[in-house]
Amino acid sequence: MENKIAEVIAAGTADFTAECYELYDIPPLGSLVKTIDSPSEIFAVVCQASTTSIEPGRRPIARGKNEATAEAVYQANPQLLKLLRSEFQALVVGHKNDNKILQYLPPKPTRIHGFVFPCSPHEIKEFSQSFEFLNLLVNSSAQIPSGELIAATLREMTRVQPDPQAFLVTAGKKLVTLLSGDYQRTKAILGRLTL
Amino acid sequence: MMDNKPNQPLGIVVAGSVEKGTEVRLDSNSSVEDMVVGRYVTIEGRKRRFFGMITDISLGVTDQEIAVSPPDTTDIFTAAVLEGTATYGSLHVLPMLTIAGDANSISEGPQPVKTVPSHFSRVNLASEIDMELVFGKEDASRFYIGNPLDMETHLCLDLETLVKRSNGIFGKSGTGKTFLTRILLIGILQKSRAVNLIFDMHNEYGWMGTSEGGQRQVKALKQLFPEKVAVFTLDEENSRRRGVSTDFVVRIGFEDIDPEDISLLRQTLNLTEAAVEAVYQLRRKLGKDWMQRALDLKDTEETRALLTEMSIHESTFQNLKRGLGTIRRLPFIVSRSPVDAVKSIMEYLDRGMNVVLEFGRFRDITAYVLVANMLARRIYVRYQEKMEASMAGNVAPPTPLVITIEEAHKFLNPEVAPRTIFGTIAREMRKYNVTLLVIDQRPSAIDEEIMSQMGTKITCLLDNERDIDAVLAGVSGKNELKTVLARLAPKQQALIFGHAVPMPVPFRPRDWGTTESYKEFTGGENTVRQAEKDIKDLFD
């Protein structure tokens, strides 16, 4: 449990928001994360991230006028690491119950303060054996365009596949079926899939 | 040939109707380029298995925009993704038979289809076992005549069934009708109880024949089956020159010629209707040797009085006399025949021998029509008598007889068909155990009624629209077959359909003319002969 990276601070059935333990230590867009809500595990795809001031009313100010690099700003102002926070939003794409991966929404949302972990390559491979989750992504109401999110997710998953090209073709075929009647959108996503 | 293994899954049924056939969506891992029109497939319906043929292959898109802005040709990835999903291949399959699943098809073999397979039924390439189920396996009554196009499976005909009806072999000149006929005749000789009587206009079936273009000599029936075939000839000299061992020389006496024979020759002899009428009157008046007597009539007062008595006009008589003169000039016509050719033919046929009648040099149509019609009529009468006797329960029915005629439209055209014996045989079919094997290149000239009575038709390439229509008249799926027929190669390919086959099949006839092919044909025969000899030796 040492590799936890964030903690749930807002939770809904379809998505949750988590705050990172380390500033800027945000999992990449489209990566698969999980949170444990015993006895089940909930899988989600990172769909949005932000770094803001910890106090909503207090906006950061520019401090680097006399510094040579951005890194130097942080070194000169070590308190910044405590005044800022990184958080991300993740779309729930499935859950694991009794050791079985189910690619649809869990019956209830996860709990606040649940730990969030990045998924291991093994878990990603296991999860990406089916592409039913694409349906949740296609119909999501995430802030970023769903095409971007789908492409990012598939690119992330491809990294751990033994045969990336075959994986992408299979995923692409599923996508074509889901987006039937919208050739232009399909084409745009496919264009973003090349590694 | 494609590299697909038999029984390879191809796709699933997505739409269909009994009339138009079924639409099959191709699986994404089957390529349209591997499919071939004319291949046989099986469809695994929920309750039955269907056997059908691919009749069309097409490309489809789910979204018309793909056709408008297709992916770049260098974009292999997008093309791979779209293949089988948004762009797909589809097959048009015509289900023709049900081969298993219901009681009938299990007990009686493949049945014609009366329904379509349900949605999403799997479609596979037909396996060898399925093909065998449909096209049969060579056995005691089934004879291997060729292979369905592009396939190794043997197409086998049940010859017992085949010879129960009259059949036809059609095709343009030079498309392989003669080769096909030889194969079929051998089949009948080997695998059915029937005997053949062949009116061999071009001397091709009894002894040596030539292959197309005359490059090589090919063997014929008597050379392969000397114990089962007798060669009769009208032209002894010609036969001797060709080295044919003939069994009988046919001579025709004037007395053997009946008015019906003359009436059949009306067109060829350029006779008027009145002249034909006069023949009947002369026969009545002058008796059995009417022809000799009519020809001997001199231009005297007496003759004129006789003609007036029969109300035959002078010019009509001259017209007739000219025609009869043509017949008399035929060298095989003699005033009185020393032996009865019909009797002799009947003896051979009764012994189960097949008779080939060679015409030698007399290849003109007058001789052919006259002799074929005359002999066939007499033989038919004998058969009729025997059959009637057997119906009365006294004797066994005569051996079934198949009469082979070439240039059949000369006998069976709408004008003369009602008058020739062949018209009668074609119509009355097997009542008297006599059927026809008709060989012709102008099927459109044959009487429609006779065409419709034919049991099985085999046709090589035809390209005249009227001929194609005539051959295919009344066949279900005529339009599809028309495309198949028009696409046959000009040689060594044929389409068979009708009574003796469960469904229409384009096929390539088996080889003929090579030493191996002769061995294949006679192989079984020789073994049997050898066995019989061995048995005889053992007991002697």
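Colleague: Where is Phe120(B) found?
Modeller: Happy to show you; keep in mind that this model is predicted. Phe120(B) has a positive phi near 60° although the residue is not a glycine, and at 56% relative accessibility Phe120(B) counts as exposed. Its place in chain B is the loop between strand 6 (111-112) and strand 7 (122-125).

Colleague: Is Tyr24(A) buried, partly exposed or exposed?
Modeller: Tyr24(A) takes a positive phi of about 65° without being a glycine. Tyr24(A) sits in the loop between strand 2 (15-20) and strand 3 of chain A. Its relative accessible area is 47%, and exposed would need over 50%, so Tyr24(A) is partly exposed.

Colleague: Which peptide bond leading into Pro39(A) is cis?
Modeller: Most peptide bonds are trans. Pro39(A) lies in the loop between strand 3 (32-37) and strand 4 (40-53) of chain A. With omega near 10°, the cis bond is the one from Ser38(A) to Pro39(A).

Colleague: How many disulfides are there over all chains?
Modeller: A disulfide needs two cysteine sulfur atoms within 2.5 Å. The sulfur of Cys20(A) is 13 Å from its closest cysteine sulfur, in Cys47(A), so that pair is too far for a bond. For Cys460(B), the closest cysteine sulfur is in Cys156(B), 19 Å away, which is also too far. Over all chains the count is 0.

Colleague: What distance separates the end C-alpha atoms of helix 16 of chain B?
Modeller: Helix 16 covers residues 365-391, and at 1.5 Å a residue its 27 residues should span 39 Å. Just after this helix, Gly393(B) takes a positive phi of about 95°. The distance between the helix ends agrees with the expected span: 37 Å.

Colleague: Which element gives the largest share of the largest nonpolar core?
Modeller: The core has 96 residues, and Ile257(B) is among those with the most contacts inside it. Beyond its sequence neighbours up to four places away, Ile257(B) touches residues including Trp290(B), Ile327(B), Leu370(B) and Met374(B). The largest share of the core is 14 residues, and this comes from helix 16 of chain B.

Colleague: How much area do chain A and chain B bury between them?
Modeller: The contact takes 13 residues from chain A and 15 residues from chain B. On the chain A side, Lys173(A), Tyr183(A) and Leu190(A) lose the most area, together 50% of what that side buries. Across this interface the rule finds 0 salt bridges. Carbon and sulfur atoms carry 68% of the buried area, which comes to about 1,200 Å².

Conventions:
Residues are numbered from 1 along each chain as its sequence is written. Chains are lettered from A and ligands numbered from 1 in the order in which they are written. This is a predicted model: local features need pLDDT of at least 70, side-chain atom pairs count only at pLDDT 80 or more; totals for chains, interfaces and linings use all residues. Side-chain values use heavy atoms; hydrogens and water are left out. Helices (H or I, at least four residues) and strands (E, at least two) are DSSP runs, numbered from the N terminus. The expected span of a helix is 1.5 Å times one less than its number of residues. A nonpolar core is a set of buried Ala, Val, Leu, Ile, Met, Phe, Trp, Tyr and Cys residues joined through side-chain atoms within 4.5 Å. Buried means under 20% relative accessible area, exposed over 50%, partly exposed in between (1.4 Å probe, protein chains only). Contact means heavy atoms within 4.5 Å. Buried area is the accessible area (1.4 Å probe) that two parts lose on being put together, summed over both. A salt bridge is a side-chain nitrogen of Lys or Arg within 4 Å of a carboxyl oxygen of Asp or Glu.
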